[in-house]
Amino acid sequence: MARASSKEPPDNSPPDPMPSRVEPCVAMLVDKPPKGPQWAFEVKWDGYRLAVHVEPGRVRVITRGGYDWTRRFAGIAAEARQLGHQSMILDGEAVVLDDKGRSDFGALQRALGRKPSLHDPREILFFAFDLLYLDGRDLRKFPFRERRRLLEPIIAGRKGVIRLSEEVETDGEEFFLVACEHGLEGIIAKHREKSYHSGRGDWWQKITCRRRDSFVIVGYEPSTVPGAIGRLLLAARKGDGLVYVGGCGTGWSNLESVKLRELLDTIRADKPPVALRRKGAVFVRPLLVAEIEYRAWTEDGKLRHASFKGIRERADDANVFALDREQQSG
């Protein structure tokens, strides 16, 4: 193992208090990979961002929105107890892989939607890519390269549920092209010398092969197929409210469309949650979030070539697209 950083506290230093929750670092969307040896590159996983808190006597699995989903990710929690440390916080992503080794958000949704007894807990994997706390030391003040140095001996080589998100030693632009050719969502670039910052910033950058964001479902237009959905009506955040950003009519099977309509019919609203008049539309309370893949924005602020990828509960989603935070481009 490499020699410890000079920034590490001595063994006799008092322990740092373990935070009950850490607001995650969120990558900033950029058009192309950064250049230079100070950048490390990884695959961009398509799943649920989680923090795994290992403490004496318990393990907690906390979502990006701050919810305790330990029961939903019981396999991850069980394996975290076996990593050989009294206390730690792992930052990573829960995914289900397809037959080509690519993360599949829809498959993860289906796995989580089943009763725990009906799915193999080993199908949901956790790819750890950062270590925020370890045995009495808060590592967020250390540079990323140091956090990775401490993480790798704990996770590297494991073949179980918890695995290491590998760094790829290559040119960022070359890696991005290969990732897109293989059908991956994109890549992540991380500055090796930066400490861990909660929130969005350019110390972590994401470069996506296609745009993918979360939008609130505010209603639907019925399909000509009885009991199905023809088009979802979507909204983004703007200030404290919601703004209509268009619809989505592809990305689901007939069966999924029927089940989605049944779900939305349980949360019907008497009036639209956004400023929108549309004949024949059914409006719903803004409780659910759709994962949408799209190419760009139209000049009047609507999604272009939108395709449905999955659904989340809004109560847990801290990543609904915000018009006053993101820069739109056509």
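Select Gly106, Gln109, Arg110, Lys309 and Gly310: of the 35 residues that line the largest pocket, these lie nearest its centre. Now add helix H2 (105-113), helix H5 (254-265), strand S15 (288-294) and strand S18 (307-313), the elements that each give two or more residues to this lining. Helices (H or I, at least four residues) and strands (E, at least two) are DSSP runs, numbered from the N terminus. The model is predicted: local features need pLDDT of at least 70 and side-chain atom pairs count only at pLDDT 80 or more, while totals for chains, interfaces and linings use all residues. Residues are numbered from 1 along each chain as its sequence is written, and side-chain values use heavy atoms, with hydrogens and water left out.

The volume of the largest pocket is about 1,100 Å³. On a 1 Å grid over the protein atoms alone, a pocket is an open set of points with protein on both sides within 12 Å along at least five of seven lines, a cavity is a set where a 1.4 Å probe fits but cannot get out, and lining residues have an atom within 4 Å of a point. Points are joined across faces, edges and corners, and a volume is the space filled by probe spheres set on them. Colour the pocket lining by class to find 16 charged, eleven nonpolar and eight polar residues; here Ala, Val, Leu, Ile, Met, Phe, Trp, Tyr, Cys and Pro count as nonpolar, Asp, Glu, Lys and Arg as charged, and the others, Gly among them, as polar.

Turn next to the enclosed spaces; there are two cavities of 30 Å³ or more. For the largest cavity, with about 580 Å³ of space, select Lys44, Trp45, Arg49, Arg64 and Glu93, the closest to its centre among 30 lining residues. Strands S1 (25-29), S2 (39-43), S3 (48-55), S9 (186-191), S10 (199-208) and S11 (211-222) each supply at least two residues of that lining. The lining of the largest cavity comprises 15 charged, ten nonpolar and five polar residues.

The second largest cavity holds about 100 Å³. Select Val22, Pro24, Leu50, Ala51 and Thr63, the closest to its centre of 13 lining residues. Strand S3 provides the largest share of this lining, four residues, and strand S4 (58-63) also supplies at least two. By class, the second largest cavity is lined by seven nonpolar, four charged and two polar residues.

Finally, display the whole chain, which has five helices and 18 strands.
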